Amino acid sequence: QTGSANTNPSDSADDEYITSVSIGTPAQVLPLDFDTGSSDLWVFSSETPKSSASGHVTYSPSKSSTAKKLSGSTWSIEYGDKSSSSGDVYTDIVTIGGFSVKTQAVESATKVSTQFVQDTVISGLVGLGFDVGNQVSPRPQKTWFSNAASSLAEPLFTADLRHQETGSYNFGFIDTSLAKGTIGYTPADGSEGYWGFTATGYSVGGAKLNRNSITGIADTGTTLLLLPDNIVDAYYNNVESAEYDDSQEGVVFDCSEDLPSFSFGVGGQTITISGDLLNLTPIEEGSSTCFGGLQSSADIGINIFGDVALKAALVVFDLGNERLGWAQK
Ligand SMILES: Cc1c(C=O)c(-c2nnc3c4c(C[n+]5cc6c(C)n(C)c(C)c6c(Cl)n5)n(C)c(C)c4cnn23)c(C)n1C
């Protein structure tokens, strides 16, 4: 058995990616953000304060004949951008790309932070990290993929995120036609709940890869590529107008700049992110100053290969073999 779901960038900056998910009987379809950097499936619901839920599609467990309250269970989560949400828990049928998990923990939000209230294009997140990262108490719950894995043809899924066009999440199979290059594999460390791995080096503008280990995570829920200062500086030294902008909290440059590409080594392959993928967006509508897709991870304490990096590749999240596969797209 397999599943295949289309995913679309939410806005002109590819800030996040939206995938439709069916919950309950009859199906209630919600637009959700698939996040390999977390492990909770949570949704705006009939229990979310009306003022917070306005503009969002919501899940109503009372309208689903297959919903069951997971009594006594609660959840609370905070994300890297300090956004947060919390609530209680139901189980229900959750179908993604035609594949159904019969008894999936669906975390219903009774509280959501401002960032989520304002982000009306999504109604919640589907965590695709490791179960150890789940935030339900007293008994942590499994992710949708973990519940699905034993019934899928292969215990893996792939992410094919694209710049300003439709991509896909495939479950249980690898569509190698989505990739240009060979898929190179490297061990994945799931101990922290993330898909952790080590890249073997980097280069700017097609130069020879210099060898230095970069340990980080493959995170579909993070917009940017967040790496150590020495690498960020080495990159922007090639961009004439680049400067750190305090108000933007990141490196900005003239939108007219012809940005160099950025490459990293992983699993014996070299993944090259083209310059135009590294120019994320004007800092505001109509501005001629643009915000970089590569930024510093110094304040975070972890390197994050977010959507800017994932867009250059077909990425295989292989739970069965605890490994990550990367192929140039
Ligand atoms: C340690 C870390 C992160 C780790 O993940 C991180 C980050 N980076 N993108 C996102 C997130 C997103 C993706 N996301 C990013 C957006 C940006 C940059 N902008 C301007 C908008 C309007 C966005 C939206 Cl709607 N959505 N979402 C939906 C959530 C819940 C995120 C949480 N953190 N996050 C940041 C900013 N930092 C410091």
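Let's start with the salt bridges: a search of the whole structure, which is a predicted model, turns up seven of them. The idea behind such pairs is simple: side chains of opposite charge can pair when their charged atoms come close.

Take Asp14 and Lys311, whose closest N and O atoms sit 2.7 Å apart in a salt bridge. Asp14 belongs to the loop between strand E1 (3-9) and E2, while Lys311 belongs to the loop between helix H5 (307-310) and strand E24 (313-318), so this pair ties together parts that are 297 residues apart in sequence. Both ends are tucked away: Asp14 is buried at 1% relative accessibility, and Lys311 is buried too, at 7%.

Next, look at Asp88 and Lys69, whose side chains meet in a salt bridge with an N to O distance of 4.0 Å. Here Asp88 comes from strand E6 and Lys69 from strand E5, so the parts being tied together are 19 residues apart in sequence. The two ends have their own surroundings: Asp88 is buried, with a relative accessible area of 14%, whereas Lys69 counts as partly exposed at 46%.

Then there's Asp160, which forms a salt bridge with Arg162, the closest N and O atoms being 2.9 Å apart. This pair doesn't stand alone, since salt bridges with shared partners join Asp160, Arg162, Glu165 and Lys329 into one network. Within that network, Asp160 is buried, with a relative accessible area of 2%, and Arg162 is partly exposed at 22%.

Asp88 has already brought us to strand E6, so let's stay with that strand (residues 84-96). Ten of its 13 residues are buried, so E6 is largely enclosed by the rest of the structure. What does E6 pair with? One partner is strand E5 (residues 68-78), joined to E6 by seven bridges in the antiparallel sense. Across that pairing, Thr74 has Asp88 as its bridge partner in E6. The hairpin of E5 and E6 has five residues between the strands, and Lys82 there takes a positive phi near 75 degrees.

Strand E7 (residues 99-112) also pairs with E6, again antiparallel, over eleven bridges. Look for Thr95, whose bridge partner in E7 is Ser100. The hairpin of E6 and E7 has two residues between the strands, and Gly97 takes a positive phi near 55 degrees. Strand E2 (residues 17-23) runs antiparallel to E6 as well, with two bridges joining them. Thr95 turns up again here, standing opposite Ser22. While you trace these strands, keep in mind that in a regular strand the side chains alternate between the two faces of the sheet.

Now for the ligand. Which residues come closest to the ligand? Of the 15 residues that surround it, the closest are Glu16, Asp81, Asp119, Thr222 and Thr223. Sorted by class, this shell has four nonpolar, five polar and six charged residues.

Some of the contacts can be picked out atom by atom. A polar side-chain atom of Thr222 lies 2.4 Å from an oxygen atom of the ligand. Thr223 uses its backbone, placing a polar atom 3.5 Å from a nitrogen atom of the ligand. Asp81 also comes in through its backbone, with an N or O atom 3.3 Å from a ligand nitrogen. Overall, the protein covers 65% of the 730 Å² of accessible area that the ligand has on its own.

Note on methods:
Residues numbered from 1 in each chain as written. Predicted model: local features only at pLDDT ≥ 70, side-chain atom pairs only at ≥ 80, totals over all residues. Heavy atoms only, no water. Near = heavy atom within 4 Å. Polar contact = N/O pair within 3.5 Å; in protein donor to acceptor, adjacent residues only side chain to side chain. Areas by Shrake-Rupley, 256 points an atom, 1.4 Å probe, with all protein chains shown as cover. Nonpolar A, V, L, I, M, F, W, Y, C, P; charged D, E, K, R; others polar. Buried < 20%, exposed > 50% of the residue type's maximum accessible area, 1.4 Å probe, protein only. Helix = DSSP H or I, 4+ residues; strand = E, 2+ residues; numbered from the N terminus. Pairing = 2+ DSSP bridges.
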